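Hi,

Here is the structure I promised to pass on to you. Have a look at it first, and then read on for what turned up in it.

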Amino acid sequence: MAFSENRPEAAEVEQDEGAGGEPDLIAKANSLQAFSESEEARALLLGLGAAASEAAHTELVIQKFTVIMDKYQEQPHLLDPHLEWMLNILLDIVRNERSPSSLVHLAFKFLYLISKVRGYKYFLRLFPHEVVDLHPVLNLLSQQDPKDCDTWETRYILLLWLSMTCLLPFDMARLDGNNSALAAQSRTPTMDRILNVAKSYLTVSDKARDAAAVLVSKFVTRPDVKQKRLPDFLDWVLTSLSKAGQTMEGMVVIDGMLQALAQLFKHGKRDDFLPFAPPVLKCLDERNIPECNHTILRKLGIKLIQRLGLTFLKPKVAKWRYQRGSRSLAFNLQMAGQGQATNNISSVKKMELTTEDDDDEEYDIPGEIENVVEQLLFGLKDKDTIVRWSAAKGIGRVTGRLPKELADDVVGSVLECFSFQETDTAWHGGCLALAELGRRGLLLPSRLPDVVPVILKSLTFDEKRGACSVGSNVRDAACYVCWAFARAYDPQEMKPFVNQIASSLVITAIFDRNVNCRRAASAAFQENVGRQGTFPHGIEILTAADYFAVGNRTKCFLNISIYIVGFPEYTQPLIDHLIQKKFNHWDCAIRELTAKTLHNLTPHAPEYMANIALPQLLPLATGIDLNTRHGAVLACAEIVYALYKLAVEKNRPVTDYINQNTLESLKNIHRKLYNCQLYRGFGGAFMRPAVCCFIEKMSLSKMPLKNDSIIGEWQWLIDDSLKSIHHFTSTAKQKIKFQEAVISALTALCNEYYQTAQGTADPEVQNKLVDKYISELQRSEEMTRCGYSLALGALPKFMFNGKLHQVLEGLQRVTWMTVKDTTFAEARRDALKAIAQVCKTVGVNEDGPYDQVICRRNVSQIYNSLLDCLNDYTTDSRGDIGAWVREAAMTSLMELTILLVQTDPQLISPDNCRQMMCYLAQLSAEKIDRFRAHAGSVFLRILHFDNPVVPHIPHREELENIFPRLEFETLNWSAPSQAFPPITKLLGLPTYQYRVLLGLTVSVGGLTESTVRYSAQSLFDYLKTIRNDFKAMNKFCGTLIQIFKDNLHNDRVSIPMLKMLDQMLANGCFDIFTVDESHFYAKELLLLCKEEIRKSKDVQKLRASISVFCGLIQFQGEMRKKVLFQLLLLLCYPFPIIRKTTASQLYEMLLTYDDVIDAEILDEVMANLSDNNWDADLPTVRAQRNHLCDLMGVPKPIIATKLHQGVL
């Protein structure tokens, strides 16, 4: 749970710790000032009469009132001034004899909603409880059907109301009247009627059972009822409890009986119930409630047990209990620093503790108390939190009535819960019990030396279970104990333990994995600072690590810890905790954060890190346990690098901190891991990246290992990891993380150990390494290609001298698509990234050697490779995987162009620039939001780059008018409504028209509703501006036809093209050509559509083509006959769905264009189209089709000798 001052139990639910997410969650408690919806609530209540007549209206009113009430769950006291008038309105409905039953039940439902929010104990006081109310309530309750599941709220409220009316200060017999007149009839006394009602509802399965228990507790404890009916009632309860079976009905009965007994022993007088306590306890023992599987029953059993214990003991306040005196926070702060006053308080307290009061004489403790305490202690270990919490409260209540010696035995028994043989539930229950004992003053200061150590252990309790751990509830409860002790004890009593508790709470507040525990520790630390006033640097730490600041785990580890470790009292405890508890944590993320934190903390204790921490970690780095091994390697790497940076700051060699023995141990980590074969299997997925991180940090720390054999061994690990990434990773996130670790290690290793004093590469190493990496690029495993591509891109500049041409050629081959590696999109993506990285590494020189720098001889080749990848539209089961390649190609083009512009702009040729901008414009008009946004941002970045400007951009002025510089940051390319209007304007620029229209085709004919709507609207808006310009329309149609020709049978473009043509024809975009029977556009379009669907089995494509054919009917003359022939041909297509679609759309087309056929035959043609069964067999359908051909004057299709699909 997230710790709060009024809820000590622990919740074990993990919360997502997204970066920066949780600190922004601001609690809204206490934000309401008054019941602002009172008028709305009044209107709803007054309108119940009208609402009850209609079920839908009733449901709506209930929902509205529930929403209003639920807002005040955390601040129910705001309802108090309004409860009376709400109650009166609802009771008026109940008391009105003319109110229908549905309205009465609705009124009780609203009463229940109010009581649920405010709590029945408070709300109950407002109910009328005069003599005249008793019989009406009882009669109304008697009329209810206990089995009606729709009206349980009515029975619940009536039982609560009856529990108030039965408190009348008169003998119940006086309410029965004169029975002599009814001698002939038997009349049940009111007392028995109420008892019978209570008994009947104690065994129901709804919430009325809880109200019946409340009724029993108030009615049976009346003096007159107690005297006459208590023994019989208890006998009935115990009999029912004993006879209840293990069925669901039996569990309900047990629940009702336990509630009734618990309420009776809570509200009844001790003297009245003491004789009945032993048999009740015996009955409970026989039922063996603690072994029951039902949590609620075990909780009720514990609750009853503690009430029985309080009944056995005299109700006296233990004189031996610890009393702190004034607990005012203001007083504590006022007295802080006033030693004399503190001493006076302490002396008075000690006097109280040593003085024996006359009343503290020993008295006989019933033997049953041992049984009670034993069951309560057993309840502390229950598997459910609510049972443990109830047992902890019971321990506190019972111990408060015991003599000092017996109470101390109870405390000792509670401390036995903190054995490491016990489970986490026992530790949690023990913490709750200690908190209760402390709050009640029953944990004497003499016991603090025994208690504080176990609480400190509880603050770091964490047990691994399978793939996760348990213990967050224990740590949370331990924080609650520290919070309770802050309020319970005088600062002088806590003084010996201040540093230990303060350090432990700070550690939990910033290093615990669970946000709930961190916040709990922060709240407990704050309470101690305020109440005790002795925590070192309390205010400063609270400012940095308050309740909201500790919500972000990464911030706690990497930022807040650096501030707190600056206080000497906390330096070593924080470091020791990380080294002892966190570096080997079961969660990999915690181990990684621990290593980074140790790096940050090293400057505060360098000698301790070098001489104590590092020697402790080194043997563990090659141990048996995977988590320990992994965490130790990471920690050693980060500490070594931190010591190196500290040495550089102080102008000292790193060997001043790391001696020769430590250096040898560091070198041997890899060898021992290799010899023990710890790089294999599941552990290899953790150890390989960890050791690569270690290699990186050792290289960055400039360890004196040049020409040492360990360098070759480290290189082997890097190469082998690059080759086998796919064996150790399964998700994309794991692959990226693995690759980054290996690549970073390679870069650092090359920079430090493969460079000669002259700044060149060792020729032998260079040839061997680069040649090997280039050859590995043609491996058949995709992840291997990815790894070696990125490795080549990460090499330092001196490694490319004389090898650049080979490297670029190898990477370019990876970007090519062949039959066997079509789906290797990730390899192509990483190769493109590597090409850009290599270009940035080697630099640019126009006339430089082509195997050392980017120059005139190789720049066109690089551009061509990147531009070719912009056409990668590969798809597989993962979807459009080519988008990854296109994205990488766009980024690489931008980086290369900006690099050339800033060094040698003349290397950018007009043709390369034109192609690049056209492709970017096309991709900026395509359908996938993410990649469209990336293309748009790259397009505008190149267009508006001015340091210096990119040369040769076609139509620069027009582009800058369409995309002003001010919109560079504000234009949201991901939103279709913002992206398509400006990009569509590029259709008016000849250079961009083909590519932009190609991109728009895919969007307009796509599937996403918003993309289709806004792209089509933008296209139609553009066409409206040129629809009367014959030349512009001719140019546009020519481009459209060319795109169709270039992408025939390319379903990625052709199907959207058909859908777009359908929309354009339907919107009259080509009206300017319809009067010209010989215009090339319609003829070309018809031929292309026929070619596209020839032998096609794609239903989606065929249906789209039918729509286009119907749209082409608007072209008159010979064209219309050809279109009709094609449509009638499709009426006999082998697929029934195509025949039906053709008939349907042909019917709609004839309705739309009434001049297609003569009016005399129109009705007959329409009847044939609508009435014929186009699902029939082909010979039947063909006869029907031929009849239509005769009617419409269209030649009948001739059946070919060899039947082809689509040609009949």
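Phe-127 and Trp-161 are both buried, and this is a predicted model, so please read everything below in that light. The rings of Phe-127 and Trp-161 make an aromatic pair of the tilted kind, with 5.6 Å from centre to centre and 50° between the planes. This pair joins distant parts of the chain: Phe-127 sits in the loop between helix H6 (120–123) and helix H7 (131–142), while Trp-161 belongs to helix H8 (residues 152–165), 34 residues apart.

A second pair is worth a look too. Tyr-674 and Trp-716 have ring centres 5.0 Å apart, and their planes stand at 75°, so this pair is edge-to-face, the angle being over 60 degrees. Here again distant parts of the chain are linked, with Tyr-674 in helix H33 (residues 660–675) and Trp-716 in helix H35 (residues 709–723), 42 residues apart. Are these two rings buried or exposed? Tyr-674 counts as partly exposed because its relative accessibility is 43%, and Trp-716 counts as partly exposed because its value is 36%.

In total there are 33 aromatic pairs in the model. You will also find one aromatic cluster formed by Phe-1030, Phe-1070, Phe-1073, Tyr-1081 and Phe-1115.

Some rings have a charge over them. The charged end of Arg-1052 is placed over the ring of Tyr-873, 3.5 Å from its centre. Arg-652 lies over the face of Tyr-657, and the distance to that ring centre is 4.8 Å.

Next, helix H20. Its 12 residues (404–415) should span 16 Å at 1.5 Å a residue, and this agrees with the 17 Å between its end C-alpha atoms. Which residues of H20 are buried? They are Ala-407, Val-410, Val-411, Val-414 and Leu-415. Looking down the axis of H20, you would see these buried residues fall within an arc of 145°, so they line one face of the helix. Residues three or four places apart in an α-helix point the same way, because there are 3.6 residues a turn. As for what covers the buried residues of H20, the list includes helix H18 (368–379), helix H19 (385–399), helix H21 (424–439) and helix H22 (448–458).

Two residues of another helix, H48, also caught my eye. Leu-998 is in helix H48 (residues 990–1004), and it counts as buried because its relative accessibility is 5%. Setting aside neighbours within four places in sequence, Leu-998 touches Gln-922, Ile-1043, Asn-1047 and Val-1053. Between Leu-998 and Ala-1032 there are 17 Å in space, C-alpha to C-alpha, and the two are 34 residues apart in sequence. Thr-1001 lies in H48 as well, and with a relative accessible area of 0% Thr-1001 is buried. Again leaving out neighbours within four places in sequence, Thr-1001 is in contact with Val-1053, Pro-1056, Met-1057 and Met-1060. Val-1053 is thus a contact of Leu-998 and of Thr-1001.

Finally, the overall layout. The protein is divided into domain 1 (35–120), domain 2 (127–168 + 190–220), domain 3 (583–754), domain 4 (755–908) and domain 5 (1037–1192). Between the C-alpha centres of domain 3 and domain 5 the distance is 69 Å.

Enjoy exploring!

Best wishes

Methods
Residues are numbered from 1 along each chain as its sequence is written. This is a predicted model: local features need pLDDT of at least 70, side-chain atom pairs count only at pLDDT 80 or more; totals for chains, interfaces and linings use all residues. Side-chain values use heavy atoms; hydrogens and water are left out. Helices (H or I, at least four residues) and strands (E, at least two) are DSSP runs, numbered from the N terminus. The expected span of a helix is 1.5 Å times one less than its number of residues. Buried means under 20% relative accessible area, exposed over 50%, partly exposed in between (1.4 Å probe, protein chains only). The arc is that of the directions from the helix axis to the C-beta atoms. Contact means heavy atoms within 4.5 Å. Domain bounds come from an automatic or database domain assignment. Rings of Phe, Tyr and Trp (its six-membered ring) pair if their centres lie within 6.5 Å; planes under 30 degrees apart count as stacked, over 60 as edge-to-face and the rest as tilted. A charge sits over a ring if NZ of Lys or CZ of Arg is within 6 Å of the ring centre and within 35 degrees of the ring normal.
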